[in-house]
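Work through the exercises below with the sequence and the coordinates open. Each task is followed by a solution in steps.

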Amino acid sequence: MKIAYKALFLPYALGALSNKRELQFFLQKRTADDPNRHLRGKWALFGGSLEQGESMEMAVIREVKEELDLEISPQKLEQFHFSPWRTVFLYPVNDPENFVKKITVLEGENGKFWSALHLPDNLTLLDRLLLFLLRRRCL
């Protein structure tokens, strides 16, 4: 049984540098019947909540497995602290085309890599801000 620990939401970004050195982020298209009304049909970062006894890193690793059926290495996770209440984890993806072939998007409609310079119009406002800040720190 899942028990949310605190109300901490942990977004994580899957980032890639293309062969043109263009920063890209893998985003999730939320379904039209998403339980969070403000996310319905929008593009957003993947993410989730802490479960009791989990570290933030453990939660991100679990969420990636639950949402993309992908095992990731904790050593590759990078943390970006934007405020005391907002930390974004970035997991580098070396080969975006191969990455998309080996994952299965299990939550949301689908997932897609977007250029950091050309994000979707219906990206949530908070995620647009977080990706803007991530882009500035990564480049």
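The exercises cover nonpolar cores, a surface patch, salt bridges, aromatic pairs and one backbone angle, all in a predicted model.

**Exercise 1. Nonpolar cores**

Task: Find which residues touch the most other members of the largest nonpolar core, and state which elements each supply at least two of its residues.

Solution.
- Step 1. The largest nonpolar core has 15 residues, and the ones touching the most other members are Phe-25, Leu-27, Leu-119, Leu-123, Leu-131 and Leu-134.
- Step 2. At least two residues of this core come from each of β2 (23-29), β6 (86-93) and α3 (125-138).
- Step 3. Take Leu-131 as a case: leaving aside residues up to four places away in sequence, Leu-131 touches Phe-25, Leu-27, Leu-45, Leu-119 and Leu-123.
- Step 4. A second core, separate from this one, holds 14 residues, including Val-60, Leu-70, Ile-72 and Phe-99.
- Step 5. As background, nonpolar side chains in soluble globular proteins tend to be buried together.

**Exercise 2. A surface patch**

Task: Identify which residues form a nonpolar patch on the surface, and decide whether Trp-85 is buried or exposed.

Solution.
- Step 1. The patch consists of Trp-85, Leu-126, Leu-129 and Phe-132, which together have about 410 Å² of accessible area.
- Step 2. Trp-85 is located in the loop between β5 (78-83) and β6.
- Step 3. The relative accessibility of Trp-85 is 54%. Exposed means over 50%, so Trp-85 counts as exposed.

**Exercise 3. Salt bridges around Arg-62**

Task: State which parts of the chain the pair Glu-51 and Arg-62 ties together, and which residues are joined into one network by salt bridges that share partners.

Solution.
- Step 1. The count of salt bridges is 7.
- Step 2. One of them joins the side chains of Glu-51 and Arg-62, at 3.4 Å from N to O. Glu-51 belongs to strand β4 (residues 46-51) and Arg-62 to helix α1 (residues 56-68), so this pair ties together parts 11 residues apart in sequence.
- Step 3. Glu-51 and Arg-62 are both buried. For Arg-62 the relative accessible area is 16%, and the limit for buried is under 20%.
- Step 4. Arg-62 also forms a salt bridge with Glu-66, where the closest N and O atoms are 3.2 Å apart. Both residues lie in helix α1, with 4 residues, about one turn of the helix, between their positions. Glu-66 has 25% relative accessibility and counts as partly exposed.
- Step 5. A further salt bridge connects Asp-69 and Lys-65, with 2.8 Å between the closest N and O atoms. Lys-65, at 33% relative accessibility, is partly exposed.
- Step 6. Through salt bridges with shared partners, Glu-51, Glu-54, Arg-62, Glu-63 and Glu-66 become one network.

**Exercise 4. Aromatic pairs of Phe-26**

Task: Classify the pair of Phe-26 and Phe-46 as stacked or edge-to-face, do likewise for Phe-26 and Phe-99, and name the cluster that ring pairs link.

Solution.
- Step 1. A pair of aromatic rings is described by the distance of the centres and the angle of the planes.
- Step 2. The whole structure contains 5 aromatic pairs.
- Step 3. Between Phe-26 and Phe-46 the ring centres are 5.8 Å apart and the planes stand at 5°, so the pair is stacked. This pair links distant parts of the chain, since Phe-26 is in strand β2 and Phe-46 in strand β4, 20 residues apart.
- Step 4. Phe-26 is buried at a relative accessible area of 1%, and Phe-46 is buried at 0% relative accessibility.
- Step 5. For Phe-26 and Phe-99 the centres are 5.4 Å apart and the planes at 80°, so the pair is edge-to-face. With Phe-26 in strand β2 and Phe-99 in helix α2 (residues 96-102), the pair ties together parts 73 residues apart in sequence.
- Step 6. Phe-99 is buried, its relative accessible area being 4%.
- Step 7. The cluster linked by ring pairs is made up of Phe-26, Phe-46, Phe-99 and Phe-113.

**Exercise 5. A backbone angle**

Task: Determine what is notable about the phi of Asp-69, and where Asp-69 is found.

Solution.
- Step 1. Asp-69 is not a glycine, yet its phi is positive, about 55°.
- Step 2. Asp-69 is found in the loop between α1 and β5.
- Step 3. Asp-69 has a relative accessible area of 38% and is partly exposed.

Definitions and conventions
Residues numbered from 1 in each chain as written. Predicted model: local features only at pLDDT ≥ 70, side-chain atom pairs only at ≥ 80, totals over all residues. Heavy atoms only, no water. Core = buried A, V, L, I, M, F, W, Y, C linked by side-chain atoms within 4.5 Å. Buried < 20%, exposed > 50% of the residue type's maximum accessible area, 1.4 Å probe, protein only. Contact = heavy atoms within 4.5 Å. Patch = residues over 30% accessible without salt bridge, like charges linked within 9 Å, V, L, I, M, F, W, Y side chains within 5 Å. Areas by Shrake-Rupley, 256 points an atom, 1.4 Å probe, with all protein chains shown as cover. Salt bridge = Lys/Arg side-chain N within 4 Å of Asp/Glu carboxyl O. Phe/Tyr/Trp six-rings, centres within 6.5 Å; stacked < 30°, edge-to-face > 60°.
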